Each structure stands twice: as C-alpha cells, then as structure tokens.
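Here are some short exercises to work through with the structure in view. Try each task yourself before you read its solution.

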Amino acid sequence: MSEEIRRFTHLPSDRAPGPDYSGPGVEAELTGRMPEGRPAERPERPERPKRPKRPERGGGSYDDLYTARASSALGKVASDDGMLDVRIKAPGELGGPGGATNPEQLLAAAYASCFHSSLTLVAGRQGVRTSDATVDTAVTLRKRGTADDYTITTDLTVRLPGVEPEAARRLVEQAHGECPYSRAFMQGAEVHVHLA
C-alpha cells in the first residue's frame, strides 16, 4: 500500500468511547485488580487542577480512561510504574553520540502500536482477520532556517496480507480516523504545561 496515510481524511467514529479499548490499565480500572508485578499504590503526586472536559464533535465530552506518566532527567526517561526505563541520547545524525534510543524513536514506536491497535479494533468489528498485519512508522525531525524552528512529520505504512486492496484501504482509512494519535496529529492535541 503505497498511498500516504496522511492524505486519508478523518472519518467519524461509529463506536462508543471507551468500552472496546482494552489493555492492562483499563482492566485494572474496571476490575480493581492490578496486573501482576505492579505496585498497588503509587507514590503521592501533587494535585493538578482538573481539566475541563473537552467537547466532542456532535456534543458530549471525553472521559479520562487511562493516564500514562513518564519523567525525563539526566539522559534517561522512565514511566512511573517502571515498565519503561531507557537511556536517551541524541542520534549521530543530530551530532549526538548515538548508542541509545531517542524521543523520535519512542514516538514512532508509540504511534505504530496505537495505530495497530485501532486497525485491529476496526477490522475485528468487520470480521476481517489481521493477525499478520504490520504497521511501520517513520518520525522525522525537521528544522526551518537557522532559528530553533523545529517540527516533526510522520509516515505510516500498513501491510495487510491476505486482505483485498479495497477492503484494506477502507480499514486503514477507518483506523486513521479512530486512532487517538492520528486524531491528535490531525486535529491538534490538547497540551497543558505546568511549572512545579
């Protein structure tokens, strides 16, 4: 599939928010059971002001389902539950030493994973088998002029072996319309910056 995914238009979601999203975070939230090997209690965090619920197209508002937390310090980044704990170094292409991951790789991995999940959900609702599907993501850091004016671009390549081309195109368009990362890039994500 050589079409650029970024050209696909957003299609409105026909699913209710929340119930068909699955994962250990949601499972723990709904059942009250923490996954094995994960501490049941988190350290105290300073209380942040409550965000107003963001209106959804067509009315209603979004409910918070899960919040991932990570901290970056001294050349490393780690999630608050310890599941992610990696060194961060600038790649050689940016004048760094390389030899460790970098934010662009982490974003590429996160976007590929999220899009793949959305594709699986969309295909499952239509009874299409996608166990052999792969999603490759490229994240490119770009700069304009000599000032510190940076941006990123993303490219996704989806492979759906055994799925008819027209059906594959339809599934990818629908997944792009529903994937939270795709929607954040297309519509602009809400960003709140706090000084502790």
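## Exercises on Y181 and its surroundings

Y181 has a relative accessibility of 32%, so this residue counts as partly exposed. Keep in mind that the model is a predicted one.

**Exercise 1.** Find out which helix holds Y181.

*Solution.* Follow the chain to residues 180-187, which make up helix α4. Y181 lies in this helix.

**Exercise 2.** Decide whether the rings of Y111 and Y181 are stacked, tilted or edge-to-face.

*Solution.* Step one is distance: two rings pair if their centres lie within 6.5 Å. The centres of the Y111 and Y181 rings are 5.8 Å apart. Step two is the angle: planes under 30 degrees apart count as stacked. The planes here are at 25°, so the pair is stacked. Step three is to place the partners: Y111 belongs to helix α2 (residues 103-125) and Y181 to helix α4, so many as 70 residues apart along the chain.

**Exercise 3.** Is Y111 buried or exposed?

*Solution.* Buried means under 20% relative accessible area. Y111 has 2% relative accessibility, so Y111 counts as buried.

**Exercise 4.** Work out which residues the ring pairs link into a cluster.

*Solution.* The count comes to two aromatic pairs. Ring pairs link Y111, Y181 and F185 into a cluster.

**Exercise 5.** Name the residues of the nonpolar surface patch and the elements that each supply at least two of them.

*Solution.* The patch is formed by L94, L141, Y150, I152, Y181 and F185, which together have about 530 Å² of accessible area. Both β5 (150-159) and α4 supply at least two residues each.

How values were computed:
Residues numbered from 1 in each chain as written. Predicted model: local features only at pLDDT ≥ 70, side-chain atom pairs only at ≥ 80, totals over all residues. Heavy atoms only, no water. Phe/Tyr/Trp six-rings, centres within 6.5 Å; stacked < 30°, edge-to-face > 60°. Helix = DSSP H or I, 4+ residues; strand = E, 2+ residues; numbered from the N terminus. Buried < 20%, exposed > 50% of the residue type's maximum accessible area, 1.4 Å probe, protein only. Patch = residues over 30% accessible without salt bridge, like charges linked within 9 Å, V, L, I, M, F, W, Y side chains within 5 Å. Areas by Shrake-Rupley, 256 points an atom, 1.4 Å probe, with all protein chains shown as cover. Salt bridge = Lys/Arg side-chain N within 4 Å of Asp/Glu carboxyl O.
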